[in-house]
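Please find below some notes on the model you sent round. They deal with charged pairs, cysteines and one asparagine, in that order.

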Amino acid sequence: IDQANAIINKFLDYARPDQVNLAPIALVEVVNRCVYALKDASDIRLNIAVPDNLMVLADEVDLIRAVSNLLENACRYGRSAGNGMAEIDIIALANGSHVAIEVRDRGPGVSADNLGQLTKAFFRGDSARTEATGAGLGLSIVEKNIQRMGGALELHNRTSGGLSARIELNRVT
């Protein structure tokens, strides 16, 4: 039932009208809200480097959904084969008029064939990253939400292993 509810909620998120309420948002507050439930997990290690004064122009609800989804994916698919631990980095850097937010895991990454399809609705990645229990909408929703805020989402495999999801948003100075 919980899984069915989660999938229904993803469908509803995906079907939401393209309406956003952009406002200056303290990025560290969004990240802190998103990681709160994960901080005490014994099989998850979080490394957070988000400056306290970094502000982005975003819809708070959509940004929380996007970051939470990226964290959920990193926890699910980014576990080390050696110890089953999910080590996740959340890093944010200002770059001129933009802010880059990266969520990085140290899992097996994604095959080159599948990497470009991960944001397509209903696509579920290869078996290297799948305990697939969802509908394949998570990254589609993230990309859609970020684009509605005037930003961009990039996914790439890390040379040291794992997947990096990079969100770029407009900076508020």
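**Notes on the predicted model**

1. Glu87 and Arg106 form a salt bridge through their side chains, with an N to O distance of 3.5 Å. The two residues come from distant parts of the chain, 19 residues apart. Glu87 sits in strand E4 (residues 86–95), while Arg106 is in the loop between strand E5 (98–104) and helix H4 (112–115). Arg106 is partly exposed, at 34% relative accessibility. Bear in mind that this is a predicted model, and the distances here are computed from it.

2. The Glu87 and Arg106 pair does not stand alone: a network of salt bridges links Arg45, Glu87, Asp89 and Arg106. For the structure as a whole, the count of salt bridges is eleven.

3. Another of these contacts is between Arg33 and Glu60, whose closest N and O atoms are 3.3 Å apart. Arg33 belongs to helix H2 (residues 27–35) and Glu60 to helix H3, so this salt bridge ties together parts that are 27 residues apart in sequence. Arg33 is exposed, because its relative accessible area of 53% is over the 50% cut-off. Glu60 has 34% relative accessibility and therefore counts as partly exposed.

4. The side chains of Glu102 and Arg104 also meet in a salt bridge, at 3.1 Å from N to O. Is Glu102 buried or exposed? Glu102 is buried, because its 12% relative accessibility is under the 20% cut-off. Arg104, at 21% relative accessibility, falls in the partly exposed class.

5. How many disulfides does a search of the whole structure find? The search returns zero. For anyone planning to discuss the cysteines, Cys34 is buried, with 9% relative accessibility. Cys75 is likewise buried, with a relative accessible area of 9%. Cys34 and Cys75 should thus not be described as a disulfide pair, because no disulfide is found.

6. Asn69 is part of helix H3, which covers residues 60–77. Asn69 counts as buried because its relative accessibility, 5%, is under 20%. Which residue, 73 residues apart from Asn69 along the chain, has its C-alpha atom 7.2 Å from that of Asn69? The residue is Val142. Helix H3 thus appears twice in these notes: Glu60 lies in helix H3 and pairs with Arg33 of helix H2, and Asn69 is also found in helix H3.

Terms used:
Residues numbered from 1 in each chain as written. Predicted model: local features only at pLDDT ≥ 70, side-chain atom pairs only at ≥ 80, totals over all residues. Heavy atoms only, no water. Disulfide = S-S within 2.5 Å. Buried < 20%, exposed > 50% of the residue type's maximum accessible area, 1.4 Å probe, protein only. Helix = DSSP H or I, 4+ residues; strand = E, 2+ residues; numbered from the N terminus. Salt bridge = Lys/Arg side-chain N within 4 Å of Asp/Glu carboxyl O.
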